[in-house]
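This report introduces a single protein chain to a reader who has not met it before. The sequence and the structure are shown first, and the description follows.

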Amino acid sequence: KDRLYINKNYRDLINELKEKDVLGFETAEAKEIFLIAVGLGVLSPTPIQYRDGYVRTSYLKTYERAMLSSLLLSKSKNDDEIDDYADLDKNIDYSENCAETGFKILEDLYRNASSTDILTKRLFFQLEYLYQKNIVNH
């Protein structure tokens, strides 16, 4: 795969967040925004709709590729599945589905927040919850 895809309908949301510098998006790279969306949607991925190329995979650093390559490993039930779950292309497909959900979550948080401070607090709460659930307690 040469690109990470997002739902083209989220381009306006991303541009608005960048324009208003919400959550520091003004200076964030596209791959960083994608990874935030993946993190938000990792618990309930949904199939991506209206695919639009967003980030060239050649822009990903080694640690970012490793992070994406590990997404499916947590779903592995036995050692026989590890090779399949470590496949970068399969993990990229999965990450795009996570990002689909993550952008929806981000949009809902943004649209329902009365201020960027409230949004930031809600987002950090959500990310802390995901960290506790998936890393600390896993």
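The text below moves from the overall form of the chain to selected residues.

**The chain as a whole**

The structure is a predicted model. Its chain holds 6 helices and 2 strands. Read from the N terminus, these elements follow the order β-α-α-β-α-α-α-α.

The C-alpha trace extends over about 50 × 35 × 25 Å along its principal axes. For 138 residues, a compact globule would be expected to have a radius of gyration near 14 Å, and the value of 15 Å for the chain agrees with this. Of the 138 residues, 34% are buried. When contacts between residues at least 6 apart in sequence are considered, 74% of them link residues at least 24 apart.

The chain exposes a surface of about 8200 Å², and 49% of that area comes from carbon and sulfur atoms. The chain carries 19 positive and 24 negative charges, and the mean positions of the two sets lie 3 Å apart.

**Accessibility of selected residues**

The table lists four residues with their relative accessible areas.

| Residue | Relative accessible area | Class |
|---|---|---|
| Lys31 | 5% | buried |
| Asp21 | 36% | partly exposed |
| Lys75 | 37% | partly exposed |
| Asp83 | 66% | exposed |

**Lys31 in helix H2**

Lys31 belongs to helix H2, which covers residues 30-41. Why does Lys31 count as buried? Its relative accessible area is 5%, and a residue is classed as buried when this value is under 20%; Lys31 is therefore assigned to the buried class.

The side chain of Lys31 forms a polar contact with the side chain of Glu64 at 3.1 Å. Once neighbours within four places in sequence are set aside, the residues in contact with Lys31 are Val55, Tyr59, Leu60, Lys61 and Glu64. Glu64 thus appears both in this list and as the partner in the polar contact. Val55 lies within the range of strand S2, residues 51-56, and Glu64 within that of helix H3, residues 62-69.

**Lys75 and Asp83**

Lys75 is located in the loop that joins helix H3 (62-69) to H4. With a relative accessible area of 37%, Lys75 is partly exposed. Apart from neighbours within four places in sequence, Lys75 is in contact with Glu81, Tyr85 and Tyr94. For one of these residues, Tyr85, the C-alpha atom is 8.0 Å from that of Lys75, with the two positions 10 residues apart along the chain.

Asp83 is part of helix H4, residues 82-85. Is Asp83 buried or exposed? At a relative accessibility of 66%, Asp83 is exposed, because the exposed class begins over 50%. The C-alpha atoms of Asp83 and Ser70 are 11 Å apart, and the two residues are 13 residues apart along the chain.

**Two residues with positive phi**

Which backbone angle is positive at Asp21 although it is not a glycine? The angle is phi, with a value of about 50° at Asp21. Asp21 sits in the loop between helix H1 (11-19) and H2, and it is partly exposed, at 36%.

Tyr50 also is not a glycine, and its phi is positive as well, at about 55°. Tyr50 is placed in the loop between H2 and strand S2 (51-56).

Note on methods
Residues numbered from 1 in each chain as written. Predicted model: local features only at pLDDT ≥ 70, side-chain atom pairs only at ≥ 80, totals over all residues. Heavy atoms only, no water. Helix = DSSP H or I, 4+ residues; strand = E, 2+ residues; numbered from the N terminus. Buried < 20%, exposed > 50% of the residue type's maximum accessible area, 1.4 Å probe, protein only. Polar contact = N/O pair within 3.5 Å; in protein donor to acceptor, adjacent residues only side chain to side chain. Contact = heavy atoms within 4.5 Å. Rg over C-alpha atoms; globule rule 2.2 N^0.38 Å. Areas by Shrake-Rupley, 256 points an atom, 1.4 Å probe, with all protein chains shown as cover. Lys, Arg positive; Asp, Glu negative; His and termini not counted. Charge placed at Lys NZ, Arg CZ, Asp CG, Glu CD.
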